[in-house]
Every structure is written in structure tokens, then in C-alpha cells.
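Me: Hello! I would like a close look at one part of this model, the place where the ligand sits.

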Amino acid sequence: MSAGTRATAPPAKRPAITLSKLAEKKALGEPIVMVTAYDYPSAQVAEAAGVDVALVGDSGAMTVLGYPSTVPVSIDEMLMLAGAVRRGLSTPLLVGDLPFGSYEVSNEQAVATAQRFVKEAGCDAVKLERGGVVAERAAAIVAAGIPVMGHVGLTPQTATALGGYRSQGRTADRAMQVVEDALALQEAGCFAIVFEAVPSELTEAVMPRIEIPVIGIGAGPSTDGQVLVFHDLLGIYDGHAARFVKRYGSIREAMIKGVEAYAADVRDRHYPAPEHGYTMAPDEVARLKELLAEH
Ligand code: KIV
């Protein structure tokens, strides 16, 4: 270091986000930022961007595993994704999505699956979809000491029964079903609830009744926070994008351009250039040629 230069202080490490921090944010009216992550690099991006909650969503079934819906993804596949995210993340709260069929049958099944997400993948909390009997499963997991995030409105795991990937609660009677699910999950001890694809008016009407943080995705502006799917918001995924998606990047295009440029360089023999290679001392090259000639 020369005279006059000063060491730059390393960036201050943010304290890890806890459940009480999220509750405090709700109380203070500070928006909560949640994003999905499915692997080590996306976790590192979530960490560096300073989000509050990273969700290993079962949307990863579609965005990174190529399934046609979230339904086929297995517990082991989700655990592999969640473990990779854990290794790339230290500050945001890490929530793992329990996949379809891994928690509905009984409280014992729900607790056993949730425990795997905590023990094997290092998740801080789990998420499950719907109210009704699922609220009982949520209560059992909470009683086992694992924090649970609920999810109401459009619940993709049961989209077929809901008439497809469409907004929910658009009549007063159907809206009351969403409200009842949300209240049941709150009663079950969930620390937060995702509201997906419901009318903004429904969210606004029910918010005064919900004491835990509500994270919206297509639920209007009156929630305590927002979540978007990583691949949707960055423009990585080439599938259908829902109305609520706002794109903040065109990474897929940038990636295609990058790989096309690499392919062109290889075909034109512009890559590799001398600076990309390793060298041998000239006497070693001469000796190698002799050895090859004798071989
Ligand atoms: O799986 C997922 O990505 C989700 C979010 C959309 C909330 O459940």
C-alpha cells in the first residue's frame, strides 16, 4: 500500500434474517423481499442482492428440471436443489417448498418430510400449499419445531383441481375460501403466508385480519412483501410468464449471445488464442519431439 492510500473496509456483513426480523419488518411497514433460488449461483445472487427470504420453490421443477408442472418433482430432487442453495446463502432466511405428495397424507408424513428439509438440506423453514387439512399438517410441523410458511390462492400443486393456472377468489364466495385458508394457516402457527394470483381487492380487504407477514405474487400492492421466480424476473426461462411477472433482465438472451459468440470463435479458430494456453520450455519441446520420433 503506498502512502496516501487507505485500506477499503470490507462490506459490512448483514445479520442473518430471522422470523422475528420478518415480523418486525411487517410491524414497521418495511417491505419484505423474497425470491426463488434453485442452485449455488442463484443463491449467491440472492445473497449479494440483499434479499430477505430465499425460497427453493417447487417452481424449480419447471424452471431448472424441465418438468411440465410442479407436480412430478420428488423430495430428493428438491433436497438436492435446497442443499446447493444453502451452500450459497448465509443471510436470507432459507425456505424449502415441500413437494406435492410429500405432506398431505398424515401429520407424521408432513413432519418427516419437513425434518429432511431441515436436517439434510439446511433449510430454516418449509412451505406448503393450501388450507383445509393442510393447515393441520402445518400445525404438526410447527409443533415439531420447524417454522412453516403457508401458500393460498393459486396453489400450483393442485392447479388442475382449481381449473388451471388462473387467478383465484374472484367472486365474494370464492374469495371467502381464500380468506378461510389464510386464517386457518395463521391459526396453525405459520410465520408467513404467500398469496398467489388473487385480486388486489381481496388482499386489501383481508390484510387487517392477518397478523403474520403476507408475501404476494400477483396479489396487489397491499401485502407485506413480494416474491418472484428468479428465472421469470431475470428473463432466463423461456416458458409462459404470468401477468404478475415483471422482467428485470434478459439474461437468456445474453446467455444465448455469449454461447453463440463462443461457437463462432471455435468455428473460426479464434478461440483459443495464445494467452489461453500453457507453454513448455523450448528445450523440453525439442526433447519431446525426439522422444516421439523414437517412439
Ligand atoms: O414454487 C414457487 O416458486 C412458489 C412461489 C411462486 C411462491 O411457490
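How far is an oxygen atom of the ligand from an N or O atom in the side chain of S59?

Reply: Happy to help! A word on the source: this is a predicted model, where local features need pLDDT of at least 70 and side-chain atom pairs count only at pLDDT 80 or more, while totals for chains, interfaces and linings use all residues. Residues are numbered from 1 along each chain as its sequence is written, and side-chain values use heavy atoms, with hydrogens and water left out.

Now to your question. The distance is 2.5 Å between an oxygen atom of the ligand and an N or O atom in the S59 side chain. That makes a polar contact (a pair of N or O atoms within 3.5 Å; within protein, one must be able to donate a hydrogen and the other to accept it, and residues adjacent in sequence count only if both atoms are side-chain atoms). The side chain of D58 also has an N or O atom 3.0 Å from a ligand oxygen, and for the side chain of D97 the value is 3.1 Å. On its own, the ligand has 260 Å² of accessible area, and the protein covers 96% of it; such areas come from the Shrake-Rupley method with a 1.4 Å probe, and for residues, only the protein chains shown count as cover.

Let us look at the whole shell. The residues around the ligand are T36, L55, G57, D58, S59, D97, K127, H151, V194, E196, I217 and V229, where being near means having a heavy atom within 4 Å. By class, four are nonpolar, four polar and four charged. Here Ala, Val, Leu, Ile, Met, Phe, Trp, Tyr, Cys and Pro count as nonpolar, Asp, Glu, Lys and Arg as charged, and the others, Gly among them, as polar.

Next, the surrounding protein. It has eleven helices and eight strands, which are DSSP runs (H or I, at least four residues, for helices; E, at least two, for strands) numbered from the N terminus. The C-alpha atoms fill a box of roughly 85 × 55 × 35 Å, taken along the principal axes.

Strand β6 (192-196) is followed by a loop that leads to α8 (200-206), and A197 lies in that loop. Phi of A197 is near 50°, a positive value in a residue other than glycine. P272 lies in another loop, between α10 (251-267) and α11 (282-294), and the peptide bond from Y271 to P272 is cis, with omega near 0°.
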